[in-house]
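I opened a new notebook page for this chain. The plan was to look up its surface, one strand, one helix and the charged pairs.

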Amino acid sequence: MLTRLRNAQATGTSDLQIPHSRMKADIARVLKREGYIEDFKVQKDGGKTNIQVVLRGERGNRAVAGLKRISTSGRRKYVSVRDIPRVLGGMGICILSTSDGIMTGQEARKKNKGGEVLCHVW
């Protein structure tokens, strides 16, 4: 998902399709709430389900300047509430998977929850 967002941003595409999963839909929901993407919809095309994402801003002036995947399938990164990273000194967001669902690092601090660090967005 992150690679597709990064590639669409680099080519200047304003909308893209991503294969659906519940985690990807939750990440898209967080990105929309934080203002990094304009909108997203879950669409069914025959037997396939996709997420249609509309990026915010024009080419060269996108809301998402960068994305970095932190936790990978070979190396998971778990943090406690005290160790949740701040991205660019608070200018970006850290997306975590907690027991209460997918949320930003700031929300996780408020709820006193740690979890798996999925990615950084700035």
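Before starting, I wrote down the cut-offs: a residue is buried under 20% relative accessible area, exposed over 50%, and partly exposed in between. I tried them on Asp100, which has a relative accessible area of 46% and is therefore partly exposed. I also noted that this is a predicted model.

**Entry 1: strand β1**

I looked up which residues of β1 are covered. Strand β1 runs over residues 15-19, with Leu16 and Ile18 on its covered face. Asp15, Gln17 and Pro19 make up the uncovered face. I added the general rule that side chains in a regular strand alternate between the two faces of the sheet. Next I checked the partner of β1. It is strand β3, residues 48-55, joined to β1 by five bridges in an antiparallel arrangement. Within this pairing, Pro19 is opposite Asn50 of β3.

**Entry 2: helix α2**

I moved on to helix α2, which covers residues 22-33 and has twelve residues. From the first C-alpha to the last I read 17 Å, close to the 16 Å expected at 1.5 Å a residue. Which residues of α2 are buried? I listed Ala25, Ile27, Ala28, Val30 and Leu31. The buried residues of α2 pack against several elements, including α1 (2-11), β2 (37-45) and β10 (115-121). They also pack against β3, β8 and β9. After the helix comes Gly35, with a positive phi near 90°.

**Entry 3: salt bridges**

How many salt bridges does the structure hold? I found five, and I wrote up three pairs.

I began with Glu107 and Arg33, whose closest N and O atoms are 3.0 Å apart. Glu107 is in helix α3 (residues 105-111) and Arg33 in helix α2, so this salt bridge ties together parts 74 residues apart in sequence. Glu107 is partly exposed because its relative accessible area is 24%. Arg33, at 46%, also counts as partly exposed.

I then took Arg76 and Glu116, which form a salt bridge at 3.3 Å, N to O. Arg76 sits in the loop between β6 (67-69) and β7, while Glu116 is in strand β10, so the pair ties together parts 40 residues apart in sequence. Arg76 has a relative accessible area of 44% and is partly exposed. Glu116 counts as buried because its relative accessibility is 11%.

The pair I noted after that was Lys113 and Asp100, with 3.9 Å between the closest N and O atoms. Lys113 is in the loop between α3 and β10, and Asp100 in the loop between β8 and β9, 13 residues apart. Lys113 is partly exposed at 25% relative accessibility.

**Entry 4: Leu88, Asn112 and a surface patch**

I looked for a nonpolar patch on the surface. Leu88, Met91 and Trp122 make one of about 350 Å². Where is Leu88 found? I located Leu88 in the loop between β7 (78-79) and β8 (93-98). Its relative accessible area is 55%, so Leu88 is exposed. I also read a positive phi near 50° for Leu88, which is a residue other than glycine.

I recorded Asn112 as well, since it is not a glycine and has a positive phi of about 60°. Asn112 is in the loop between α3 and β10. Its relative accessibility of 56% is why Asn112 counts as exposed.

Key:
Residues are numbered from 1 along each chain as its sequence is written. This is a predicted model: local features need pLDDT of at least 70, side-chain atom pairs count only at pLDDT 80 or more; totals for chains, interfaces and linings use all residues. Side-chain values use heavy atoms; hydrogens and water are left out. Patches are made of residues with over 30% relative accessible area and no salt bridge: like charges are joined within 9 Å, nonpolar side chains (Val, Leu, Ile, Met, Phe, Trp, Tyr) within 5 Å. Accessible areas come from the Shrake-Rupley method with a 1.4 Å probe; for residues, only the protein chains shown count as cover. A salt bridge is a side-chain nitrogen of Lys or Arg within 4 Å of a carboxyl oxygen of Asp or Glu. Helices (H or I, at least four residues) and strands (E, at least two) are DSSP runs, numbered from the N terminus. Buried means under 20% relative accessible area, exposed over 50%, partly exposed in between (1.4 Å probe, protein chains only). Two strands pair if DSSP finds at least two bridges between them. The expected span of a helix is 1.5 Å times one less than its number of residues. Contact means heavy atoms within 4.5 Å.
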